[in-house]
Amino acid sequence: MKLTGAQIVCEALVREGVDVVFGYPGGAVIKLYDTLIDYPIHHVLVRHEQAAAHAADGYARATGKVGVCIATSGPGATNLVTGIATAYMDSSPIVAITGQVPTNLLGRDAFQEVDITGITMPITKHSYLVTDVRELPHIMKEAFYIARSGRPGPVLIDIPKDVQAAETEFDYPDEIELPGYEPPLEGDPQLIQRMADMINAAERPLILAGHGVILSEAEEELLALAERGNFPVATTLLGISAIPETHRLALGMVGMHGWKHANQAIQRCDLLIVLGARFSDRVTGKISTFAPDAKIIHVDIDPAEIGKNVEPDLAVVGDVKRVLRALIPLVQPRLCVEWITDLLRSKQQYQDPQAFQPKNGRLTSPMVIREIWRATGGQAIMVSDVGQNQMWEAQYYFHDRRRGLITSGGLGTMGFAVPAAMGVQAAYPDATVWATVGDGGFQMTIQELATIVQEKYPIKIAILNNGYLGMVRQWQQFFFERRYAFTPISSPDYLKLAEAYGIPAKRVSDPADLRSSVEEAMRIPGPVVLEFLVEREDNVYPMVPAGASISEMIERHMVEEGA
Amino acid sequence: MKTTKTIIAWMEDKPGVLARVASMIRRRNYNVVSLAVAPTETPAISRMTAVLECDASQEKLVGLQLRKLVNVTNVVTDLTPDKAIFRELALIKVNADASKRSEVIHLAEVFRGQVVDVGPQTLTIEATGTQDKIDSLIELLKPFGVREVARTGPVAMLRGTANGRGISGNGRKAEQ
Ligand SMILES: Cc1ncc(C[n+]2csc(CCOP(=O)(O)OP(=O)(O)O)c2C)c(N)n1
Ligand SMILES: [Mg+2]
């Protein structure tokens with residue numbers, strides 16, 4: 001059967017199980033759109049292509065499936081760039097399809113021509129410029145395979161207009177031929193045995209779970225390992241929800257704004273078992289003082305992560321789930337009594353009690369987050385933005401749901417939460433989805449309120465309005481003598497704005513109204529905007545200054561009088 | 001501390017592959033000292049010998065990061081003179097009028113070079129060998145006036161029957 005390039009794209013999407021795509025039309029994809037409308041694929045019209053990429057990313061992170069976004073050539077394609085980079089840094093599987101000028105105009109600076117495969121080369125796992133329609137079926141197949149297999153990541157397919165229109169015999173390949181691509185899955189059994197020996201010999205073992213645990217769907221195996229040896233489990237920011245956070249053995253997040261007891265656990269352990277994490281500077285702080293007493297085991301599917309930032313004593317290259325499955329029977333059941341009792345005692349001081357005190361009668365962000373946690377029973381899919389609000393969300397919401405936190409870690413992209421939440425809600429129409437955002441980040445992708453309304457996504461948006469680009473302000477307070485250079489930020493009247501979009505909204509400033517407002521929002525079936533006027537100059541504690549040892553935390557009592 | 005590292009990489013001969021390699025090298029903050037790329041005995045597979053400058057602490061990663069590129073099929077990084085041979089080709093254009101000609105030709109012969117072009121004022125010598133050998137030839141020709149040098153950068157090949165199945169897809173070093 002002869003099909004056009006556009007039909008081949010759609011056929012491939014259907015065969016790859018894609019039921020929703022996020023995009024924005026334009027001249028270079030008009031043919032594709034004309035075809036797409038006849039297929040059983042729902043197209044979500046975003047209001048800016050950046051949001052299409054974030055939504056595809058959110059969809060992918062929430063489901064483990066490949067998210068798809070579409071944009072036209074030139075500005076449409078460049079608008080995707082931030083979203084693609086965000087997905088790349090966090091190993092999220094998306095396929096981005098862009099239109100391109102016709103092949104006979106390539107390289108001639110035609111209208112809306114941009115070298116998007118060139119621009120995105122360092123931020124994609126792979127990319128294609130399709131110059132012959134006959135290549136399209138296997139390119140589509142490969143793109144999805146590459147995006148989701150091994151260490152996942154974004155793949156871009158740039159399709160010139162004439163290729164979308166050209167016809168060829170369609171035959172979707174069953175097999176993939178990629179001689180250079182064979183993701184390592186099984187860990188070396190000998191190394192796994194050594195790993196078990198090291199674990200069995202350790203007195204103070206600690207597991208550090210990263211995004212890789214979630215990406216390989218190894219949550220059950222992680223729990224089984226932890227419970228078998230009574231091993232405490234700390235997580236990176238993206239590792240949050242790898243273990244239910246209310247689990248007895250869960251220590252919470254480590255790193256720059258990690259919990260004191262979790263960072264201390266790293267500094268005191270004699271064996272650090274790092275699963276699917278990449279030793280980001282936000283986790284390690286000063287590397288030479290990181291986990292000084294520990295032997296380090298690093299399990300990762302990406303061999304190029306081994307020794308990149310921290311040289312492990314033992315590395316097992318492989319899929320975390322498979323490695324753990326092989327490992328668990330080799331690990332001796334035990335209790336590690338002293339070590340764990342000690343840690344669990346310091347975990348009691350988990351929360352900074354001051355964070356919950358109203359300041360000058362005003363709300364604080366931790367109070368808001370904790371109230372959302374209470375109202376949702378820890379079962380919401382939380383989608384957080386970037387800044388102080390992100391750290392408070394990570395600290396004060398206990399994520400018990402699998403894939404229960406979606407956030408931009410590696411790139412730290414402000415404006416991520418609202419569009420990513422759309423992708424999450426598209427995947428799970430009935431799930432409780434909260435987007436928690438700062439007043440700065442919200443204004444970066446505020447236009448997506450229209451998409452939310454058009455798609456009837458019942459997303460609850462909590463704006464933590466502190467009147468500042470708060471995280472930068474915090475750094476200015478600590479390290480730049482309180483010179484708040486261009487960090488105060490004004491906001492529109494969010495109630496009027498929400499009203500203009502047709503979204504119910506409420507402003508909350510009195511701590512006494514917190515509970516009823518959150519509960520009311522939960523009762524409303526559609527989207528809701530809640531604006532919380534929170535303490536303006538509150539800080540995220542503890543804080544490890546950039547480049548300092550994770551033993552050197554700035555704590556509230558060191559900064560604030562009477563705290 | 002910077003160090004130089006020679007690697008061989010095999011890659012699918014597809015548009016943009018070299019750009020990907022270059023992009024990776026630049027992004028990871030390595031420097032290209034030389035690159036030699038050409039077709040191989042296998043259809044649609046090219047071979048690259050690259051000399052890169054990188055931070056000593058990153059030396060081990062270069063091959064793994066190259067190997068991550070989807071179109072790169074194989075990488076060998078363990079290239080020491082006892083395990084591999086290195087050869088480079090150079091064209092050296094030297095000032096040599098009639099009075100100096102025989103002296104220059106003699107020098108070239110000592111290095112097993114060949115004269116490939118003779119002009120009234122110049123001789124062009126083709127020389128192959130290790131980098132060191134070519135460096136010293138150029139050094140010796142300098143007094144005559146070296147006008148132009150074109151070097152390919154080294155190409156490398158493992159000795160004996162070792163076939164260069166270096167870093168396999170799972171990132172472990174296979175038998176060499
Ligand atoms: C796109 C983008 N631009 C700039 C930054 C740098 N940045 C990090 S946090 C932050 C402040 C965020 O302010 P807001 O959204 O109000 O959140 P808050 O920290 O106040 O909770 C800024 C500007 C960023 N992360 N992303
Ligand atoms: Mg703010």
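Reader: Hi! How many residue pairs are in polar contact across the interface of chain B and chain A?
Author: Hi there! This is a predicted model, and across that interface the rule finds 5 residue pairs in polar contact, counting pairs with both residues at pLDDT 80 or more.

Reader: Cool. And what's the count of salt bridges between chain B and chain A?
Author: The count is 3 salt bridges between the two chains. One of the pairs joined by a salt bridge is A:E182 with B:R67, where the closest N and O atoms are 3.9 Å apart.

Reader: Which parts of chain B supply residues to the side that touches chain A?
Author: Three elements of chain B each supply at least two residues there: the helices α1 (17–27) and α2 (59–68), and the strand β4 (72–76).

Reader: And which one gives the most?
Author: That's α2(B), with 6 residues on the side of chain B that touches chain A.

Reader: What kinds of residues are on that side of chain B?
Author: They divide into 10 polar, 9 charged and 6 nonpolar residues.

Reader: How many residues does the contact take from each chain?
Author: Chain A puts in 25 residues, and chain B puts in 25 residues.

Reader: What area is buried between them?
Author: About 1,900 Å² is buried between chain B and chain A, and carbon and sulfur atoms give 53% of that. An area is a handy thing to quote, because the size of an interface is often given as the accessible area lost when the parts come together.

Reader: Switching topic: how many residues surround ligand 1?
Author: Ligand 1 is surrounded by 17 residues, and the closest are A:Q388, A:G412, A:D439, A:G441 and A:G470. By class, that shell has 9 polar, 7 nonpolar and 1 charged residues.

Reader: Which helices of chain A supply residues to the shell?
Author: At least two residues each come from α17 (388–396), α19 (439–444) and α21 (470–479) of chain A. Of the elements, α19(A) gives the most to the shell, with 4 residues.

Reader: What lies 2.7 Å from an oxygen atom of ligand 1?
Author: An N or O atom in the side chain of A:D439 does. There are backbone examples too: a polar backbone atom of A:Q388 is 2.8 Å from an oxygen atom of the ligand, and a backbone N or O atom of A:M471 is 2.9 Å from a ligand oxygen.

Reader: How much of ligand 1 does the protein cover?
Author: On its own, ligand 1 has 580 Å² of accessible area, and the protein covers 76% of that.

Key. Residues are numbered from 1 along each chain as its sequence is written. Chains are lettered from A and ligands numbered from 1 in the order in which they are written. This is a predicted model: local features need pLDDT of at least 70, side-chain atom pairs count only at pLDDT 80 or more; totals for chains, interfaces and linings use all residues. Side-chain values use heavy atoms; hydrogens and water are left out. A residue is near a molecule or strand if one of its heavy atoms lies within 4 Å of it. A polar contact is a pair of N or O atoms within 3.5 Å; within protein, one must be able to donate a hydrogen and the other to accept it, and residues adjacent in sequence count only if both atoms are side-chain atoms. Accessible areas come from the Shrake-Rupley method with a 1.4 Å probe; for residues, only the protein chains shown count as cover. Ala, Val, Leu, Ile, Met, Phe, Trp, Tyr, Cys and Pro count as nonpolar, Asp, Glu, Lys and Arg as charged, and the others, Gly among them, as polar. Contact means heavy atoms within 4.5 Å. Buried area is the accessible area (1.4 Å probe) that two parts lose on being put together, summed over both. A salt bridge is a side-chain nitrogen of Lys or Arg within 4 Å of a carboxyl oxygen of Asp or Glu.
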